[in-house]
Amino acid sequence: VSLMTSHGAIAEKILYRMLTTTTTRLRDTSALLSDMVQWGENARMRVITDQFTGLYNRRFFDDSIVVETKKSKASHLPLAMVMVDLDHFGSVNKDYNEAFGDAVLLAAAHVFKRSFRKTDILSRYGGDEFSFLLPATDGTEALELCARACAEVEALRFAEYPDFRITSSMGIAVMPDH
């Protein structure tokens with residue numbers, strides 16, 4: 001207090017420098033924390049996502065079954081589960097090549113993302129098999145969503161093999177009906 005009274009200009013400069021230093025440190029800390037949060041979110045997404053297709057992975061699907069089943073029971077709303085297989089996919093890599101097989105998988109995953117809703121849990125179960133959870137979805141609605149997705153998969157065309165066609169099979173079970 002005596003410095004402020006006796007040497008006001010000096011005290012003002014010291015306080016200004018202290019505030020500037022504190023502001024800079026807070027800004028830097030905030031940026032670091034934002035980066036850490038973003039890194040953590042990216043790491044979390046890598047843990048639950050199939051990196052190849054961008055769909056959820058099997059581990060996330062297995063955890064989601066437990067969570068969504070509990071939600072369905074508590075809310076008395078249906079829960080549809082869909083198992084998907086790309087028909088005769090085993091021969092794609094053999095008859096064409098692995099790069100083309102990868103392109104087919106990616107195209108199918110894109111169709112699934114487009115055909116289903118944001119609230120649906122779409123996962124790659126393994127290889128060319130996929131599994132989906134459709135919360136608050138009855139059998140009729142699940143069948144409509146799956147039929148649309150099957151039609152879109154069948155409509156896929158690939159420039160490098162124009163005569164190639166792929167189809168998918170989907171099995172549906174709905175809780176509590178099944």
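**Figure 1. Surroundings of leucine 86 in the predicted model**. Leucine 86 touches Leu105, Ala108, Phe112, Asp128, Phe130, Val153, Ile166, Thr167 and Ser168, leaving aside residues up to four places away in sequence. Leu86 also belongs to the largest nonpolar core, where Leu86, Phe112, Phe116 and Phe132 are the residues with the most contacts inside the core.

**Figure 2. The largest nonpolar core**. This core has 31 residues. At least two of its residues come from each of strand 1 (79-86), helix 5 (98-115), strand 3 (129-135), helix 6 (139-154) and strand 4 (168-175). Helix 5 supplies the largest share, eight residues. In soluble globular proteins, nonpolar side chains tend to be buried together.

**Figure 3. Another nonpolar core, apart from the largest one**. This core consists of six residues. Among them are Ile48, Phe61, Leu79 and Ile121.

**Figure 4. The salt bridge between aspartate 50 and arginine 124**. The closest N and O atoms of aspartate 50 and arginine 124 are 3.4 Å apart. The pair links distant parts of the chain, with the two positions 74 residues apart in numbering. Aspartate 50 sits in the loop between helix 2 (8-48) and helix 3 (58-75), while arginine 124 belongs to strand 2 (residues 121-126). Aspartate 50 and arginine 124 are both buried. Side chains of opposite charge can pair when their charged atoms come close.

**Figure 5. A salt bridge within helix 3**. Glutamate 68 pairs with lysine 71, and their closest N and O atoms are 3.4 Å apart. Both residues lie in helix 3, three residues apart, which is about one turn of the helix. Glutamate 68 counts as buried because its relative accessibility is 11%, and the cut-off for buried is under 20%.

**Figure 6. The salt-bridge network of Arg117, Asp120 and Glu141**. Aspartate 120 forms a salt bridge with arginine 117, the closest N and O atoms lying 2.7 Å apart. Salt bridges that share partners join Arg117, Asp120 and Glu141 into one network. Aspartate 120 has 5% relative accessibility and therefore counts as buried. Arginine 117 has 26% relative accessibility, so arginine 117 counts as partly exposed. A search of the whole structure finds six salt bridges, including the one between aspartate 120 and arginine 117.

Conventions:
Residues are numbered from 1 along each chain as its sequence is written. This is a predicted model: local features need pLDDT of at least 70, side-chain atom pairs count only at pLDDT 80 or more; totals for chains, interfaces and linings use all residues. Side-chain values use heavy atoms; hydrogens and water are left out. A nonpolar core is a set of buried Ala, Val, Leu, Ile, Met, Phe, Trp, Tyr and Cys residues joined through side-chain atoms within 4.5 Å. Buried means under 20% relative accessible area, exposed over 50%, partly exposed in between (1.4 Å probe, protein chains only). Helices (H or I, at least four residues) and strands (E, at least two) are DSSP runs, numbered from the N terminus. Contact means heavy atoms within 4.5 Å. A salt bridge is a side-chain nitrogen of Lys or Arg within 4 Å of a carboxyl oxygen of Asp or Glu.
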